[in-house]
Amino acid sequence: MDKKAAPPVLIFWIIAGWVGYCLLPWYMLEDGFLSFDWLVDGYPFEEDYAPALFLIGQGEKLWLAPLLAALTLPLFALRRAKSDPLYAGLLILSGALGFGWLIAQGFGIGIRGFNFNWLETMFGDLGDRQFGMGYGGMITASAFLFLLTQGIAARGAINGDVFVVSAIGGVIAIVTAFVFFPIAKMLFAAFVTDDGAYSLSVFAAKFFDDRLWGLGCLAGARCGAAWNSLFLAILVGLITTVLGLCFALVVTRSGFRYKRAIRALTVLPIITPPFVIGLALILLFGLSGTVTVFVSDLFGTQPTRWLYGMPGVLIAQTLAFTPIAFLVLIGVVEGVSPSMEEAAQTLRANRWQTFRTVSLPLMRPGLANAFLLGFIESMADFGNPLVLGGNFDVLSTEIFFAIVGAQYDQGRAAVLAMVLLFFTLSAFYAQRAWLGKKSYTTVSGKGDAGVHPLMPNGLAIPVMGVALGWALFTAVVYAMIIYGSVVELWGVNNSLTFKHYVTAFSVRFEAEGIRWTGAAWDSFWTTITIAAIAAPLTAAVGLVTAYLLTRQSFAGKNAFEFGTMLSFAIPGTVIGVSYILAFNVPPIEITGTGVILVISFIFRNMPVGVRAGIASMSQLDKSLDESSLTLGANSWQTFRRVILPLLRPAILAALVYSFVRAMTAISAVIFLVSAEYDMATSYIIGRVENNDYGLAIAYSTTLIFVMLTAVGLLQFLVGRVQIGRRTSFGAGRSS
Amino acid sequence: MSDTVISSKAAPVRFEGVSKVFGKDVIAVDNIDLHVQAGRLVTLLGPSGCGKTTTLRMIAGLEMASSGRILIGDRDVTKLPATDRDVSMVFQSYALFPHMSVLENVMYGLTFSGFAKEEARNRALTGLELVGLKGFDTRLPSELSGGQQQRVAVARALVLEPQVLLFDEPLSNLDAKLRRQVREDIRAIQQDLGLTVVYVTHDQEEALAVSDEIVVMRNAAIAQIGTPRALYDAPNDRFVADFIGEANLIACEIVSVAGELATIEIENYQHTLPARGLPPGPATLAVRPSRILTGGATGVEATVDKATYVGVRMEYTLTGAFGQVFAVEDNVDTPFEIGTTLRMSFAEKGPVLLPNAP
């Protein structure tokens, strides 16, 4: 197998590099690349559309010229054997030089010439400027990156496996660019003074702000947003954990008949846009809410605005996040080995003693886990506080108002985001470092015979009462959503109408085709399109990462894992703010485009894909990969022909969940939407702010049903795939 | 059906001072030298954790040697990944791809070796015929029995005409009856095609039955290399003697050495046997159970502790001042009663002298 010809991957990336440099427009295009206006508008000589080669040919943007040298280097590697040290050396040199230079010039030179004063003092005024990188720049940058990884592979890293080294390099590059870089940029923004210098005192002034840390509420005034958020998150964490535990106990340890209905609860948070619960609560308990009106009629009291503030947000978040706690705890409660409990019973403990001394202590790490999840979710939640918060300031909404409100204070937004990030990361870290080692629920392959004992009666009755009561409340809330969407004007004119649906989703059939005349169609199609583009990319990035984490070992793997899972703990508002700060200026200038939405979804939802991938990949025996390798397939072919086909259910799940999550997301999105790319959720929030509840609720209901269909379709498809799998796996893995 | 012929490109394998260290200080294989001749079936045998599977995986390229050189044929493959080595492996779990039919499984490797589709297909069918699975090509692996799956795995590896074919405990998932048959099939194919095979097992009987040569491993190192007969008849040390077949180890005293022959003494009973280079002094005598003679006029005094009738022979446990030994006797018609005191001596051929524990 001593092939003389250069590997096709190498040829591909060399060509890609040259194409990016010589043929594609180097800079970002105003009208977008895909409109292809640029092709007929003076290309390739017009400065705005010109490829890099034509630019320097005309004596402009000469700082792009050194890239030419870096692009030429790998040509000398073409004739050499892979084992030749020069082959690796040339590629590493070319890749590192090209990639490094691209980054350096990108950050060094911006829209106002040199970005740093010391550069200007050294070289004098540049007299030129550059905008964000376009497709040309991006493809050339990728080419340099993958030339570098091929060089590193040829040096013998990871057994010289080009695919694995490139995958690691690629994931590190994009996670750095779209998670770490924006966060770092945001952290710096917290120290920037009005005239652009860095100063600690600016940070201190914004950090030790009374609006952030004030403790006035102890004396009857208002508290700072940080305390509010913390207090709310702790309460939500506690309450959702208790409720989730009740539900889990009812499902696993009671004679309750309609367990399936309760299990169906778990699908709710997946399909519900986060602020919808808040809307439904307004319909019930708002000033003109059903319950409010009923109570005030009954007792003759004046309706109050008690809902707007802490109580409303607390109820809404509890409703929204209890199913998540339930989902976590059901695994924990089922994971307690029945034989432990049976052993306790044979040792003469009664059911109550068994529960108190064995079952509950074994569940403890799971309970802590559920609490931390509820805590993180509450901290990060943006929709409900926005709709119901009133004067109750929390960090996530304060960040938003700092950026979009009259104050427009990037530094304050950055400081608030840092505080929020500190809270969620601490919880995330606690969850991993402390709970990671403490899980008692080890599910071994051995069948654990036995059944869970029922709860003792003294416990069963209150638990059932709480769980069923809350389930009923949840049902009422969701019924309200549907009902509210067909009411003319809530509390004023309660006649039934489809008016809101018509306003939102009317269509006209005309000679030239369908005209989408409804007000919501624009944002609806944008949402579907963006979510549909983001979903496969999310799944791909997630699965490749999962493959690297489960199947490969390399130096720094733990840090790699932590980095990729980190975006789970970064609240959407923080992502939103940091993206605005980072991608508003070259070298990556994508605010206001659809691309930034797609990218934010990929990195917000990546942990979903990674987890799905890890879960199913660890089920596949490693000897399958190994036998494929010994049969002459390389690791890319193994990944494509053995692992991917066996992962079909995981891929499907990752696809659908990232699609659905992209449709329900609001916190990051609301910072990133533009007039051209408005998303459903931010459109709905806009309606709410205009008190147009009817339309907002009708639109939300539609979204819920769209996503219910998607999830249902997934369950149907995955169910079938799994049956197919079982028949074809059976004997292959038993024995 | 097709005139495709599967032949072999058998090549020798050579290890030169190869070590494998996992993590910082877990030594799985410690500086071993090994030469597997082309066309031979060599077994790596040893208790679990002795490094035999790691050695095999280093030949495959699934583990990379930490130091030393590995050559296949005259090519240095030390740094080559599995994909680029001309080696195939049959896994303990077979590792058939569950989503591909039997034929697709067997064709899998061929499609990466530059065969045209039609030729790959013919080769795969020939391979299946060779392992006696003609007509099973459209089945899924799950529709085959364990033994059939095993043979698909062998066919899949064979059709690539690898320089070396590796087996990782291929019989451990089969029931006892099938084991003997599959073992014989593997040996027959290996001899017909003249393949170089490296075979890992922890079952000494299996190793004795299939091998041209056995490499006994212990604690990450090679304890002894030899033909099955040499290992059985002339083990180097107590470990090998005990691991290959059963051996009774009895302390003895070499009283004199004359040329090649040594005279030993156990409780005043003297026996003469090859000295194997040992000087006079304390040593260990290794005797197979079948080489212990009972009921003679001379010998070491022993008492029958247990007597078990197993059909074809009698099995005795004898105790005495030397300790305890296990002996078998073909005479089933007039067995010794438990408690009988008798004289125990040793057959002329068979017993070997071992140095006392290093």
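In the predicted model, strand 6 (residues 87-90) of chain B is joined by four bridges to strand 7 (residues 164-168) of chain B, and the two strands run parallel. One pair within this arrangement is formed by Val87(B), whose bridge partner in strand 7 of chain B is Val164(B). Strand 6 of chain B is covered on both of its faces, since Val87(B) and Met89(B) on one side are buried, as are Ser88(B) and Val90(B) on the other. This division into two pairs can be read against the general rule that the side chains of a regular strand alternate between the two faces of the sheet.

Chain B as a whole contains eight helices and 20 strands, and its C-alpha trace spans about 75 × 50 × 35 Å along the principal axes. Of the 358 residues in chain B, 44% are buried. When contacts in chain B with a separation of 6 or more are considered, residues 24 or more positions apart account for 66% of them. The domain assignment divides chain B into domain 1 (13-238) and domain 2 (246-354), and the C-alpha centres of these two domains of chain B lie 39 Å apart. The contact between them takes four residues from domain 1 of chain B and five residues from domain 2 of chain B. On the side of domain 1 of chain B that touches domain 2 of chain B, two residues are nonpolar and two are charged, whereas no polar residue is found there.

A further element of chain B is an open sheet of four strands, arranged in the order 2-1-4-5 with antiparallel pairing. Strand 2 (26-36) and strand 5 (75-76) of chain B stand at its edges and have a single partner strand each, so that one side of each is left without a neighbour in the sheet. Strand 1 (residues 13-22) and strand 4 (residues 67-72) of chain B run antiparallel and are joined by five bridges; among the paired residues, Phe15(B) has Ile70(B) in strand 4 of chain B as its bridge partner. Helix 1 (residues 52-60) of chain B packs on this sheet, where it touches strand 1, strand 2 and strand 4 of chain B, and the direction of the helix makes about 115° with that of strand 1 of chain B.

Another open sheet of chain B comprises five strands in the order 13-12-11-14-20, again with antiparallel pairing. Its edges are occupied by strand 13 (269-274) and strand 20 (352-354) of chain B, each of which has a single partner strand, so one side of each remains without a neighbour in the sheet. On average, and with direction ignored, neighbouring strands of this sheet are turned by 45° against each other. Strand 20 of chain B is joined by three bridges to strand 14 (residues 281-287) of chain B, with the two strands running antiparallel, and Leu285(B) stands opposite Leu353(B) in strand 20 of chain B.

Chain A has 33 helices and six strands, and its C-alpha trace spans about 85 × 65 × 65 Å along the principal axes. A compact globule of 735 residues would have a radius of gyration near 27 Å, and the value of 28 Å for chain A agrees with this expectation. Buried residues account for 45% of chain A, and 74% of the contacts in chain A between residues at least 6 apart in sequence join residues at least 24 apart.

Chain A is divided into domain 1 (8-155), domain 2 (211-442 + 458-484) and domain 3 (515-728). The C-alpha centres of domain 2 and domain 3 of chain A lie 24 Å apart, and the contact between these domains takes 32 residues from domain 2 of chain A and 29 residues from domain 3 of chain A. Among the elements that give two or more residues to the side of domain 2 of chain A that touches domain 3 of chain A are helix 14 (276-285), helix 18 (351-380) and helix 21 (410-433) of chain A. Helix 21 of chain A provides the largest share of this side, with nine residues. By class, the same side of domain 2 of chain A has 26 nonpolar and six polar residues, and no charged ones.

The contact between the two chains takes 27 residues from chain A and 29 residues from chain B. On the side of chain A that touches chain B, helix 28 (622-630), helix 29 (635-646) and helix 33 (693-733) of chain A each supply at least two residues. The residues of this side of chain A divide into ten nonpolar, 14 polar and three charged.

How values were computed: Residues numbered from 1 in each chain as written. Chains lettered and ligands numbered in written order. Predicted model: local features only at pLDDT ≥ 70, side-chain atom pairs only at ≥ 80, totals over all residues. Pairing = 2+ DSSP bridges. Contact = placed C-beta atoms within 7 Å. Axes fitted to C-alpha atoms, helices over the stretch in contact; angles between N-to-C directions. Nonpolar A, V, L, I, M, F, W, Y, C, P; charged D, E, K, R; others polar. Rg over C-alpha atoms; globule rule 2.2 N^0.38 Å. Buried ≥ 20, exposed ≤ 12 C-beta atoms within 10 Å, placed from the backbone. Domains from an automatic or database assignment.
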